[in-house]
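Me: I would like to learn how to read a model like this one, feature by feature. Could we go through it together, with the general idea given before each case?

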Amino acid sequence: MKLDERLALCASFVREYSKIADIGTDHAYLPVYLIKSGRADHAVAADVRVGPLENAKKNISENGLSDRIKTVLSDGLEKISSDEADDIVIAGMGGELIVKIIEAAPWLKNSSKHLILQPMTRAEELREYLCREGFRIITEKACISCKKSYSVILCEYDGAERECSDVYRYIGELDNDKSMEAERYKYVINEKLKKKIKGYNEGSEEYKRLNDLIDYLDSGKE
Ligand SMILES: C[S@@+](CC[C@H](N)C(=O)[O-])C[C@H]1O[C@@H](n2cnc3c(N)ncnc32)[C@H](O)[C@@H]1O
């Protein structure tokens, strides 16, 4: 079984032999892959909607893993307890929804837990939240899947509040990453910022901040 690049990157951040929870699992591709490959020992596949959870159950059953992967109808981590998961994957959702899910599960503020986060939109809000709330980004990598650019964040709680510069909000740990995937991610962000800045008055503070950010990203071009 092969995962697309986006889920494969999420999978690569999972610690070996860990207990994982996949929040918003849909077809449960990730937990099925992780259990089948032997990378994870136990898995919980959760989704807030019945339809996607049915997709998950079907895929899990077809792979003969119904006794290894628990499925739960759950809003975020509401129905999952701390002792059920070490590595928590929240992928394929907006950054603001990922923030809400983390906020609603205070037990994630524990240094033994790893969060693997893959925002589809508003990644800057997620990075800002992580910095403010004491989550350290251990690493972040970019990938390209179906011609689209994504970033996956691996983080853990250490309780230290961090400054979050505009550059860090938008490109996080990819700032010094010169890989083709990271360069592509930064290019896409820069293009979005160039569109966004057109909606601001040239004299405004927000315009200046965005302009500085665009200048910074432009200066990183080859
Ligand atoms: C686009 S799919 C992503 C599937 C998979 N995680 C991936 O990255 O390919 C988003 C899934 O998240 C689920 N979802 C949305 N909000 C959720 C929440 N609050 N708690 C759990 N699942 C949620 C949706 O029902 C949907 O199945």
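Me: Let us begin with a single residue: is Ala28 buried or exposed, and how many C-beta neighbours does Ala28 have inside 10 Å?

Reply: Bear in mind that this is a predicted model. A residue is called buried if 20 or more other C-beta atoms lie within 10 Å of its own. Ala28 has 26 such neighbours inside 10 Å and therefore counts as buried, and its place is in the loop between strand 1 (18-23) and helix 2 (29-36).

Me: What is the sign of phi at Ala28, and how should I read it?

Reply: Most residues other than glycine have a negative phi. Ala28, which is not a glycine, has a positive phi near 60 degrees. Lys147 also has a positive value, with phi near 65 degrees, and lies in the loop between strand 6 (135-145) and strand 7 (148-157). Lys147 is exposed, because 6 other C-beta atoms lie within 10 Å.

Me: Where does Glu84 lie, and which residues is Glu84 in contact with, leaving aside its neighbours within four places in sequence?

Reply: Glu84 lies in the loop between strand 3 (69-73) and strand 4, and with 18 C-beta neighbours inside 10 Å it counts as partly exposed. Once the neighbours within four places in sequence are left aside, Glu84 is in contact with Lys19, Ala21 and Val44. Glu84 and Val44 are 40 residues apart in sequence, yet 7.6 Å apart in space from C-alpha to C-alpha.

Me: What share of the contacts in the chain join residues at least 24 apart?

Reply: Among contacts between residues at least 6 apart in sequence, the share is 66%.

Me: How many helices and strands are there in the chain, and how is compactness read?

Reply: The chain has eight helices and seven strands. Its radius of gyration is 18 Å, close to the 17 Å given by the globule rule for 222 residues, so the chain is as compact as a globular protein of that length. Along the principal axes, the C-alpha atoms fill a box of roughly 60 × 35 × 30 Å, and 37% of the 222 residues count as buried.

Me: Finally, which residues come nearest to the ligand, and which element gives the most to the shell around it?

Reply: Of the 17 residues around the ligand, Gly24, Asp26, Pro52, Ala91 and Gly92 come nearest. Strand 4 gives the most to the shell, with three residues, while strand 2 (40-47), strand 4 (87-93) and helix 4 (95-103) each supply at least two. By character, the shell around the ligand divides into nine nonpolar, four polar and four charged residues.

Terms used
Residues numbered from 1 in each chain as written. Predicted model: local features only at pLDDT ≥ 70, side-chain atom pairs only at ≥ 80, totals over all residues. Near = placed C-beta within 6 Å. Helix = DSSP H or I, 4+ residues; strand = E, 2+ residues; numbered from the N terminus. Nonpolar A, V, L, I, M, F, W, Y, C, P; charged D, E, K, R; others polar. Rg over C-alpha atoms; globule rule 2.2 N^0.38 Å. Buried ≥ 20, exposed ≤ 12 C-beta atoms within 10 Å, placed from the backbone. Contact = placed C-beta atoms within 7 Å.
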